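Subject: Structure handover

Dear colleague,

Please find the structure below, as agreed. My notes on it follow.

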Protein chains: 2
Amino acid sequence: MKLGQATIKDIAKELNVSSSTVSRALKDYPGISDETKRKVKELAEKLNYRPNAIALSLRKSRSYTIGVIIPEVVHFFFSTVISGIEEVAYSRGYNVILSQTNEKIGREKSSIETMLSNQIDGFMVSYSKETENFDHFTRLLDQGFPIIFFDRSTDIPNAINIMVDDYKGAFDAVSHLIEQGYQKIVHLAGPKNLKISKERERGYRDALKNYGMEIQEEYIVECPVGSDEESKEITTNLLTTLPEKPDAFFANNDMAAVGAMAAAKSLGFKIPEQIGIVGFSNWQFCSMVDPSLSSVSQPGFRMGARATDMLLDIIEKKLDPQKITEPITLDTQLLIRNSSLRIKS
Amino acid sequence: MKLGQATIKDIAKELNVSSSTVSRALKDYPGISDETKRKVKELAEKLNYRPNAIALSLRKSRSYTIGVIIPEVVHFFFSTVISGIEEVAYSRGYNVILSQTNEKIGREKSSIETMLSNQIDGFMVSYSKETENFDHFTRLLDQGFPIIFFDRSTDIPNAINIMVDDYKGAFDAVSHLIEQGYQKIVHLAGPKNLKISKERERGYRDALKNYGMEIQEEYIVECPVGSDEESKEITTNLLTTLPEKPDAFFANNDMAAVGAMAAAKSLGFKIPEQIGIVGFSNWQFCSMVDPSLSSVSQPGFRMGARATDMLLDIIEKKLDPQKITEPITLDTQLLIRNSSLRIKS
DNA sequence: AATCTTAGTGCAAACGTTTGCAACATCGAT
DNA sequence: ATCGATGTTGCAAACGTTTGCACTAAGATT
């Protein structure tokens, strides 16, 4: 006995019928006698028959697999997105093949190539920080290949983007800080070439404007890496050198927020009394740090699930991608914790 | 023009040669004239030919894809393992298909089924907490199907296990606590059916023994869920009701450690002066909490990379699985931070 | 008795590749 | 001339399915 799985042919031979009959019997096609169906199914069960998805893919030119391209799995947000994708894909009978780019465009391109070789039915993409030219995507889109961009959206015409409402999340966060009486709010911004960073900065600016406050450009500081060390250094610097000391930080991400928190604490500032802090993404550790960190939570799971549902609808022609002209935005939620709550109501 | 990719047949037709010739030309088989090779390659380039991996899989009964089964992506440790897996698989020309069980055995079994349908070449498995019967694995192993168990190891004979040295990690952690002068060390243990939990507990016990300390069974408390809330509740309880109050906690995982930290802090204990805490896994947040959390770091990336290398070696027959009789253990590293360091040297 | 339905089944092609074998032409050596 | 060797190519089968079409045998209808 070799390792090989039982095939339709094996069943056919054993039962002295043709492969076609077996195939049809297994699928309950009309026009096969109940007797035959019974025998086929029994034997299939007995031989532990398992359809060969590869053969099926070849025949149907469909692989029932979607490709997911993300920067890094270790980012909490992306791992929640993956869960959402997985969940929906799985329940609708699709497989997920995964590739991380590690923020490298080379990896992005070659992953796309291998996935295409594998006759993937569609893509879910969050492109790398290095990606500035989108030809490798537009080529595919022009052929009508299903792609959905999530979190990091593009300006490609006809592309479907799904993202969280970064603008509103930032707007809410900063408004909250203002309402808590903070006056000199620094924005620890993200890499400028990502749309999400720009949107968050826009939310910051508009919130200030909305409250009639002046925007000071030196209060907007880019943290390209986004690590806590980087931010700790930057904020320490700000807190010791700026003539008008900031009294709050709105960070583009939670790591940066934690860095700011560490800096403020080690300089002897009280949080939230003297300095308020709000982060972005609501990583797990937000509730674990001391004081607990207020943050804007992004619905990663929902985003993954929603995007996958759309992608599969497009793949299965239940949805015409042309119909989707607006980017889809999901609501964020500001979670107020102790790092920014100095007015106890 | 339809969406379809160019195939070997297309090239063959255009050049008036046979598919065989094209196939061989593309692969630089000997016995094809340089002239033909040139023409074929040129046209392939021009048509943007991309081999159909599905057809190849069918032909070769090999999919160049490995299946990864893990409990949850959102666990930091697992996400680092995935990175390791991905890295190696990618560089050796394999795809990774991923499935999370969410700790459910049903999902585990059905994921395995679909992956097998997809003619996966091998499995990397970290089984679910619910898994107590391993028949669905032994069946495959008996057929000679390549499987490697990582992190959560099994007792299945002939199975290949790769894990971190949980015993030593725990031993080191507890020894460190003792050396710091802590006397009444509680172990917040993990689910009893996981070998990793047992090993960590064993390390705890042996460290105490090694220092001639008595083991008190009421100091070993199971935290089945492993969340910070659960542990906070449990430790609060311990700290308020036990006749002899514990002065240190060695937790089976970092979340539980953070829960203990929160409990101790809110009861007014000073860390590390009055209470010492050490966690396990070295999640990102360890350095971010206050005081920073000592923890045993597990080499997730290395584990993923190493395991994948072995799996692919087995798949490619470069390695005989029979030869591997001992489980492979990777060294852990105790990272001492402020939560357990009260003797400044 | 001749024709028409109908139920049940099988044939063969197709999906895109690879590969053992055979076929052919050309050329040099006998 | 004949034989072998050599270089180049094509044929056809195979991997496991699905599916349009054709076929058979039986029963129903005239």
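In this predicted model, a polar side-chain atom of R24(B) lies 3.3 Å from a base oxygen of DNA strand C. R24(A) also reaches a base oxygen of DNA strand C, with a polar side-chain atom at 2.5 Å. The backbone of the strand is contacted as well: an N or O atom in the side chain of Y29(B) is 2.9 Å from a phosphate oxygen of DNA strand C.

Around DNA strand C there are 27 residues, and the closest are T21(A), R24(A), I8(B), S23(B) and R59(B). Of the atoms of DNA strand C that come within 4 Å of the protein, 57% belong to sugar and phosphate. The elements that each supply at least two residues of the surface near this strand are α2 and α4 of chain A, together with α1 (8–15), α2 and α4 of chain B. By class, the residues of the surface near DNA strand C divide into 8 nonpolar, 11 polar and 8 charged.

Now DNA strand D. A polar side-chain atom of R24(B) lies 2.5 Å from a base oxygen of DNA strand D, and an N or O atom in the side chain of R24(A) is 3.3 Å from a base oxygen of that strand. Y29(A) places a polar side-chain atom 2.9 Å from a phosphate oxygen of DNA strand D. Two or more residues of the surface near DNA strand D come from each of α1, α2 and α4 of chain A, and from each of α2 (19–26) and α4 of chain B.

DNA strand D is surrounded by 27 residues, the closest being I8(A), S23(A), R59(A), T21(B) and R24(B). Among the atoms of DNA strand D within 4 Å of the protein, 58% are sugar or phosphate atoms and the rest belong to bases. The surface near DNA strand D is made up of 8 nonpolar, 11 polar and 8 charged residues.

Next, a pocket. The second largest pocket holds about 2000 Å³ of space. It is lined by 50 residues, of which Q5(A), T7(A), R50(A), N52(A) and Q119(B) are the closest to its centre. Both chains take part: α1 (8–15), α2 (19–26) and α4 (53–60) of chain A, and α4 (53–60), α7 (135–142) and α12 (300–315) of chain B, each give at least two residues to the lining. α4(A) gives the most, with 5 residues. The lining of this pocket has 25 nonpolar, 13 polar and 12 charged residues.

On the fold of chain A, the domain assignment gives domain 1 (8–50), domain 2 (60–163 + 300–328) and domain 3 (166–298 + 334–340). The centres of domain 1 and domain 2 of chain A, taken over C-alpha atoms, are 38 Å apart.

Last, the aromatic side chains. Over all chains, the count of aromatic pairs comes to 22. One of them is formed by F123(A) and F145(A), which are 5.7 Å apart centre to centre with 50 degrees between the planes, a tilted pair. F123(A) lies in strand β3 (residues 122–125) of chain A and F145(A) in the loop between α7 (135–142) and β4 (147–150) of chain A, so the pair ties together parts that are 22 residues apart in sequence.

Regards

How values were computed: Residues are numbered from 1 along each chain as its sequence is written. Chains are lettered from A and ligands numbered from 1 in the order in which they are written. This is a predicted model: local features need pLDDT of at least 70, side-chain atom pairs count only at pLDDT 80 or more; totals for chains, interfaces and linings use all residues. Side-chain values use heavy atoms; hydrogens and water are left out. On a 1 Å grid over the protein atoms alone, a cavity is a set of points where a 1.4 Å probe fits but cannot get out, and a pocket is an open set with protein on both sides within 12 Å along at least five of seven lines; lining residues have an atom within 4 Å of a point. Grid points are joined across faces, edges and corners, and a volume is the space filled by probe spheres set on the points. Helices (H or I, at least four residues) and strands (E, at least two) are DSSP runs, numbered from the N terminus. Ala, Val, Leu, Ile, Met, Phe, Trp, Tyr, Cys and Pro count as nonpolar, Asp, Glu, Lys and Arg as charged, and the others, Gly among them, as polar. A residue is near a molecule or strand if one of its heavy atoms lies within 4 Å of it. A polar contact is a pair of N or O atoms within 3.5 Å; within protein, one must be able to donate a hydrogen and the other to accept it, and residues adjacent in sequence count only if both atoms are side-chain atoms. Domain bounds come from an automatic or database domain assignment. Rings of Phe, Tyr and Trp (its six-membered ring) pair if their centres lie within 6.5 Å; planes under 30 degrees apart count as stacked, over 60 as edge-to-face and the rest as tilted.
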